[in-house]
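Student: I would like to learn how to read a predicted model feature by feature. Please take the topics one at a time.

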Amino acid sequence: MTFETFEAHGRLGLGEEQKASLERAFNQATAYAQSLQGWLLVQGGYGCGKTHLAAAIANACVGLGVPTLFLTVPDLLDSLRSAYSGEDTAFDERFDQVRQAPLLVLDDFGTQNATDWAREKLFQILNHRYINRLPTVVTTNLALEEIEGRIRSRLLDPEIVTAVRILAPDYRRPAEDTSQSELSSLALHRQQTFGTFNLRRGEKLPPTELSSLEKAFDAARRFAESPEGWLVFSGPYASGKTHLAAAIANYRASQGHTAMFVVVPDLLDHLRATFSPTSSVSYDRRFEDVRTAPLLVLDDLGTQATTPWVREKLYQLFNHRYNATLPTVITTADRMDEIDPRLRTRMLDRRLCTIYPLTVPPYFQEGIDRSGRPRARRPKR
């Protein structure tokens with residue numbers, strides 16, 4: 001695992017943000033191997049290339065004659081535990097070897113069994129290296145919020161730590177569409193594009209209703225070209241809201257950008273599923289993926305069960321994206337006065353959010369087929 005064997009541009013099919021994150025991580029890692037100044041924190045999911053870059057740093061430094069210790073964190077803790085079975089001095093010598101290593105690479109931080117003893121030993125190691133400014137590389141698939149507070153505070157020090165996050169998917173597990181989050185259901189809406197959207201000009205609808213549809217369509221196309229702020233589509237069921245939201249996400253995906261499309265009740269189910277003991281992902285990590293998505297489409301707001309927990313989670317999600325001004329598309333069949341006041345105040349902020357009400361009747365009403373054309377009448381019996 002060297003810099004020469006690392007694919008800095010990733011495999012074919014990656015989105016622009018994913019490729020850019022790989023290139024940033026590669027550039028930071030190569031610069032760090034040359035300077036060995038401070039710490040380098042590399043974050044990302046399984047198989048994204050974190051370990052390869054950490055090993056490339058270690059191999060480059062070994063080639064330059066720098067004594068280097070490369071350890072996965074569970075192996076490090078096992079090594080320390082085993083030292084207890086020997087002489088009293090064995091543990092102290094091994095522990096000091098880790099704390100004082102000229103270059104220490106800790107791979108897979110967060111996969112260890114988080115006992116009180118393990119947390120204490122890791123804190124002692126990292127605190128010693130932090131105080132003495134010893135070169136350290138840490139890789140983790142955890143969000144910073146999931147890391148023990150004392151260690152997290154040191155990893156957040158910008159004077160010592162350079163942090164990079166890799167957005168690429170698992171290199172060992174190719175996916176059909178690697179530009180999309182695993183939470184996104186956009187693949188189910190792949191046919192809903194701007195080209196397949198029916199403006200219903202052939203129907204005998206009031207001009208005001210047709211105008212509302214055209215305004216929403218034009219706004220969706222502009223937003224897809226340059227997503228900024230929030231866009232809300234309101235209106236009755238089957239009026240075209242979901243199609244427009246999916247068309248935005250599909251267009252962004254076609255340009256190599258990451259877009260997360262989730263139905264609100266499904267999103268809450270995904271979050272609840274992380275509470276299961278068998279879940280392979282933590283709640284904090286999943287919630288962070290949604291909160292920070294480059295483009296988030298929340299479909300069918302208002303169809304969720306309104307428990308206190310649900311209201312709190314949605315408020316946290318809305319509040320974060322509101323304060324960070326992250327591009328967000330929302331569809332809802334609810335009237336504004338039916339939406340939780342804390343969410344409504346953010347949706348009504350015209351500095352950030354634009355609301356487009358679709359006043360057309362449902363596409364699939366009796367007498368109208370899915371294309372918007374009148375159905376052929378069946379003969380009466």
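Student: What is the strand order of the open sheet that contains strand 2 and strand 5, and how do its strands pair?

Tutor: Strands of a sheet pair through backbone hydrogen bonds, either parallel or antiparallel. Here an open sheet of five strands has the order 2-3-4-1-5, and the pairing is parallel. Strand 2 (68–72) and strand 5 sit at the edges with a single partner strand each, so one side of each has no neighbour in the sheet. The twist from one strand to the next averages 10 degrees. Helices (H or I, at least four residues) and strands (E, at least two) are DSSP runs, numbered from the N terminus, and two strands pair if DSSP finds at least two bridges between them.

Tutor: Before going on, note that this is a predicted model: local features need pLDDT of at least 70, side-chain atom pairs count only at pLDDT 80 or more, and totals for chains, interfaces and linings use all residues. Residues are numbered from 1 along each chain as its sequence is written, and side-chain values use heavy atoms, with hydrogens and water left out.

Student: How many bridges join strand 1 to strand 4?

Tutor: Five bridges join strand 1 to strand 4 (residues 136–140), and the two run parallel. Leu40 stands opposite Val137 in strand 4.

Student: Which strands does helix 1 lie across?

Tutor: Helix 1 lies across strand 1, strand 3, strand 4 and strand 5, and runs at about 150 degrees to strand 5. Axes are lines fitted to C-alpha atoms, for helices over the stretch in contact, and angles run from 0 to 180 degrees between N-to-C directions.

Student: Is Leu36 buried or exposed?

Tutor: Buried means under 20% relative accessible area, exposed over 50%, and partly exposed in between (1.4 Å probe, protein chains only). Leu36, in the loop between helix 1 (16–35) and strand 1 (39–44), is buried because its relative accessible area is 18%. Leaving aside neighbours within four places in sequence, Leu36 is in contact (heavy atoms within 4.5 Å) with Cys61, Val66, Leu103 and Pro135. Leu36 and Pro102 are 66 residues apart in sequence, and their C-alpha atoms are 9.5 Å apart in space.

Student: How many disulfides does a search of the whole structure find?

Tutor: A disulfide is a pair of cysteine sulfur atoms within 2.5 Å. The search finds zero. Cys61 is buried at a relative accessible area of 0%, and Cys353 is buried at 5%.

Student: Which residues of helix 5 are buried?

Tutor: An α-helix has 3.6 residues a turn, so residues three or four places apart point the same way. In helix 5 the buried residues include Ala118, Leu122, Ile125 and Arg129. Helix 5 (residues 116–131) has 16 residues and reaches 22 Å from its first C-alpha to its last, close to the 22 Å expected (1.5 Å times one less than its number of residues). Just after helix 5, Arg133 takes a positive phi of about 55 degrees.

Student: Where is Arg200 found, and what is its phi?

Tutor: Arg200 is in the loop between strand 5 (161–166) and helix 7 (207–225). Its phi is near 60 degrees, a positive value in a residue other than glycine. Arg200 is buried, with a relative accessible area of 1%.
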